[in-house]
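Colleague: I'd love to go through this model with you, one piece at a time. Please take me through the reasoning behind each answer.

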Amino acid sequence: MASSEDGDSKMKIVHGAAGYILEDVPHFTDYIPDLPSYPNPLRSNPAYSVVKQYFVHMDDTVPQKVVVHKDGPRGVHFRRAGPRQKVYFKSDDVRACIVTCGGLCPGLNTVIREIVCGLSYMYGVNKVLGIDGGYRGFYSKNTVTLTPKVVNDIHKRGGTILGTSRGGHDTGKIVDSIQDRGINQVYIIGGDGTQRGASVIYEEVKRRGLKVVIAGIPKTIDNDIPVIDKSFGFDTAVEEAQRAINAAHVEAESVENGLGVVKLMGRYSGFIAMYATLASRDVDCCLIPESPFYLEGKSGLFEFIEKRLNENGHMVIVIAEGAGQDLFTEHLQDMNQKDASGNKQLQDVGLWISHSIKDHFARTNKMAITLKYIDPTYMIRAIPSNASDNVYCTLLAQSAVHGAMAGYTGFTSGLVNGRQTYIPFNRIIERQNKVVITDRMWARLLSSTNQPSFLHPKDVEEAKKTKSELPTQLLEDNNCNNLDEAHKAGNNSE
């Protein structure tokens, strides 16, 4: 195999036979020479000694694309996560820290718990600190000592015991604090903005030549992080959204021409709204940021509402928080307003569309409607994770711990095609994961709700064009060949 580093993306690229490409993650040995390694303490751990082939082979990788053609290239792969035969830390030398950043999400406490317990039970590490209040906690707040006893029951609570915040990223101060405290493993839990910050911290740590692991665990309730199958907390959010949808359906069904409107999370990506709609079967119309819609005129939303009310006598609409933002009049929105994380401040589209629907039917005087608006977003964010997400959080946390002990750094722990992997930061932060409205899943939703697409033919063509241009979509064979050639060309130019 030919190994090289991509000069533009700073990724380690390994080429193999039949179009095999490994997008590898950094390792201590890339920039620290003559680093000693030690036998993995799991070899003598009674819980793992009976596990056959417990240690992951160094050549084990996971394909990004599982659907292939018999003559097609093998495509992009990521390094498989899990324990290695050798580690690059003595247990007594490890001083780890955990930080949570950004908005709340079900499962945060579970990830914290499993990092602490994984370090302690698997590797005998007993020095773990919690950074209070997000990134700014590194240089402006006290730390919290974390032990298995302290975190024992925290998975039963929502939120994060460490506190969180948006913004506050000062690379120099953060790395100075890491050095001053003697920390050599940093576990950063957060969304794409947080992972972008983690990538910058890793680069500074590498520049200083520090033996410090920077490991990310992706957190986004919207499921808008690319490459990975899903983010933790997503299943819980979809499940909890059912309660709000059911309440809206009961309210709508109980009166003549009843209309229930439910707003769900989804600033730029409508996954929660889409999956909650598919799971519910009580939703008549789902509106997401990726699929434009219009209100007035033929085949518009108002016409569809009138048609569905005439047919069924009631209706439920689910709308993602980022949908329809382009429909607000200029005096209602200021596109330059952003929060501390740099996210655009959104108008309350649920409240706005509820008022717009009421005003339309009052103005046209076609029928009297009763509309109920439900916004469960903060209730959903604050609940503990469900059983499925608890299991997933455990896998993510333990995989991150195994990777850190094995000397890998500058990576995010994530699930790809059902396998735990280590993904380079730049793949996680290069773009946002969005619903592809020309894909089968959105077609399944349209066939389930029997709603119109609200798309003009030119919108469909534009969506198809956008999909074909996405660099991290599952690659068709010719695109995979092009990627292979591009990597090789980039390597030859160095």
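Colleague: Which two elements flank the loop that holds N257?

Modeller: N257 is a good place to pause in this predicted model, since phi there is near 55 degrees, a positive value in a residue other than glycine. Helices (DSSP runs of H or I, at least four residues) and strands (DSSP runs of E, at least two) are numbered from the N terminus. Counting that way, the loop with N257 lies between helix 5 (234-253) and strand 13.

Colleague: Thanks! Is N257 buried or exposed?

Modeller: First, the ground rules: local features need pLDDT of at least 70, side-chain atom pairs count only at pLDDT 80 or more, and totals for chains, interfaces and linings use all residues. Residues are numbered from 1 along each chain as its sequence is written, and side-chain values use heavy atoms, with hydrogens and water left out. Buried means under 20% relative accessible area, exposed over 50% and partly exposed in between (1.4 Å probe, protein chains only). The relative accessible area of N257 is 12%, so N257 is buried.

Colleague: R281 has a positive phi too, near 70 degrees. Is R281 buried or exposed?

Modeller: R281 sits in the loop between helix 6 (271-280) and strand 14. Its relative accessible area comes to 58%, so R281 is exposed.

Colleague: Back to strand 13, then. How many of its residues are buried?

Modeller: Take the two faces in turn: G258, G260, V262 and L264 are buried on one side, and L259, V261 and K263 on the other. Strand 13 is largely enclosed by the rest of the structure, because the number of its residues that are buried is seven of the seven.

Colleague: And which residue of strand 15 is the bridge partner of L259?

Modeller: Two strands pair if DSSP finds at least two bridges between them. Strand 13 and strand 15 reach seven bridges, in the parallel sense. Within strand 15, the bridge partner of L259 is M315.

Colleague: Which residue of strand 16 does V261 have as its bridge partner?

Modeller: Strand 16 also runs parallel to strand 13, with five bridges joining them. The partner of V261 there is Y373.

Colleague: Now to I357. How far apart in space are I357 and L259, C-alpha to C-alpha?

Modeller: I357 belongs to helix 8 (residues 349-364), and it counts as buried because its relative accessibility is 0%. Contact means heavy atoms within 4.5 Å; leaving aside neighbours within four places in sequence, I357 touches L259, F302, I305, I317, I369 and L371. I357 and L259 are 98 residues apart in sequence, yet their C-alpha atoms are separated in space by 9.6 Å.

Colleague: Which elements are included in what covers the buried residues of helix 8?

Modeller: The buried residues of helix 8 are V349, G350, W352, I353, S354, S356, I357, H360 and F361. An α-helix has 3.6 residues a turn, so residues three or four places apart point the same way. The cover over the buried residues of helix 8 includes strand 13 (258-264), strand 14 (285-287), helix 7 (301-312), strand 15 (314-320) and strand 16 (370-374).

Colleague: Which residue just after helix 8 takes a positive phi?

Modeller: Helix 8 has 16 residues and reaches 22 Å from its first C-alpha to its last, close to the 22 Å expected at 1.5 Å a residue (the expected span being 1.5 Å times one less than the number of residues). Just after helix 8, a positive phi of about 60 degrees is taken by N365.

Colleague: What about helix 4: which elements do its buried residues pack against?

Modeller: The buried residues of helix 4 (residues 192-207) include T194, A198, I201 and V205. They pack against helix 3 (171-181), strand 11 (185-190), strand 12 (213-218), strand 17 (411-416) and helix 11 (425-429).

Colleague: One for the bench: how many disulfides does the structure hold?

Modeller: A disulfide is a pair of cysteine sulfur atoms within 2.5 Å. The sulfur of C286 lies 7.3 Å from the closest cysteine sulfur, in C285, so it is too far for a bond. C286 is also buried, with a relative accessible area of 2%. The count of disulfides in the structure is zero.

Colleague: Last one: what share of the chain do buried residues make up?

Modeller: The chain comes to 14 helices and 18 strands. Among contacts between residues at least 6 apart in sequence, 77% join residues at least 24 apart. Of the 494 residues in the chain, the buried share is 54%.
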